[in-house]
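Work through the exercises below with the structure open. Try each task before reading its solution.

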Amino acid sequence: MRQSPNIIITGTPGVGKTTHCEALAERVGLRHVSINQVVKDKECHEGWSDEYQSWIVDEDKLLDAIEDEVKAGGCIIDWHACDLFPRSWIDLVVVLRVDSTALYDRLKARRYAEAKLQENLDSEIMEVLLQEARDAFDEEIVIELTSNTSEEMESNVDRIEAWYKQWKIDNSADSA
Ligand code: ADP
């Protein structure tokens, strides 16, 4: 049994995953597991895709690379996919959502090529990652939060912190 829960923050690129994870790591002391970083640092990939401008992830290698750390608990996992993680590893899945105009501006600021930008906007509008999360995990552990403004981000972080504290109470040795 882990002493601390594992949370995934997922959503289309640009929704605010990294910003939320960093705030939660600082505020709550969860360990920020940036899958992007792990894929790069531990070479959990089969090369670079020019078409997608991203690494082609070797999922088995990635899971092996993070297994010990995640099983220990207390991780906040930052990645735009969630269906590769074993259900038994995860206690909460947060899917961040954003309006098209805000997402357009954020991806434009990142200098995304037009085709990639459009693909991500479509994916957000079609709720692709929300559906993926709902298909992969129990409905009760998947929550959808909006991330359009810094006020919304603050309230999301408050809410996740409150959830975390409640999890600790519910799963402490004395409550068994
Ligand atoms: P992701 O990790 O999902 O790709 P980031 O956390 O890198 O997204 O955020 C992308 C950009 O959007 C950053 O410039 C960040 O400051 C900004 N941003 C993220 N969330 C919000 C929010 N809730 N309100 C305003 N700006 C945000």
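In strand β6, I8 has V93 as its bridge partner. The model is a predicted one, in which local features need pLDDT of at least 70, side-chain atom pairs count only at pLDDT 80 or more, and totals for chains, interfaces and linings use all residues. Residues are numbered from 1 along each chain as its sequence is written, and side-chain values use heavy atoms, with hydrogens and water left out.

**Exercise 1. Place the bridge between I8 and V93 in its sheet.**

Step 1. Strands are DSSP runs of E with at least two residues, and helices are runs of H or I with at least four, both numbered from the N terminus. Two strands pair if DSSP finds at least two bridges between them. β1 and β6 (residues 92–97) are joined by four bridges in the parallel sense.

Step 2. The open sheet has five strands, in the order β2-β5-β1-β6-β7, with parallel pairing. β2 (31–34) and β7 (142–146) each have a single partner strand, so one side of each has no neighbour in the sheet. From one strand to the next, the twist averages 25 degrees.

Step 3. Helix α1 lies across β1, β2, β5 (75–78) and β6, and runs at about 165 degrees to β5. Axes are lines fitted to C-alpha atoms, for helices over the stretch in contact (heavy atoms within 4.5 Å), and angles run from 0 to 180 degrees between N-to-C directions.

**Exercise 2. Describe the surroundings of G16 and K17.**

Step 1. G16 is in the loop between β1 (7–10) and α1 (17–28), while K17 belongs to helix α1.

Step 2. Buried means under 20% relative accessible area, exposed over 50%, and partly exposed in between (1.4 Å probe, protein chains only). G16 counts as buried because its relative accessible area is 15%; K17 is buried too, at 10%.

Step 3. Beyond four places in sequence, G16 contacts L96, R106 and S147. With the same exclusion, the contacts of K17 include D78, W79 and H80.

**Exercise 3. Which residues does S147 touch, not counting residues up to four places away in sequence?**

Step 1. S147 lies in the loop between β7 and α7 (150–170).

Step 2. S147 is buried because its relative accessible area is 5%.

Step 3. The residues touched are V15, G16, H20, L96, R97, V98, R106, E152 and N156.
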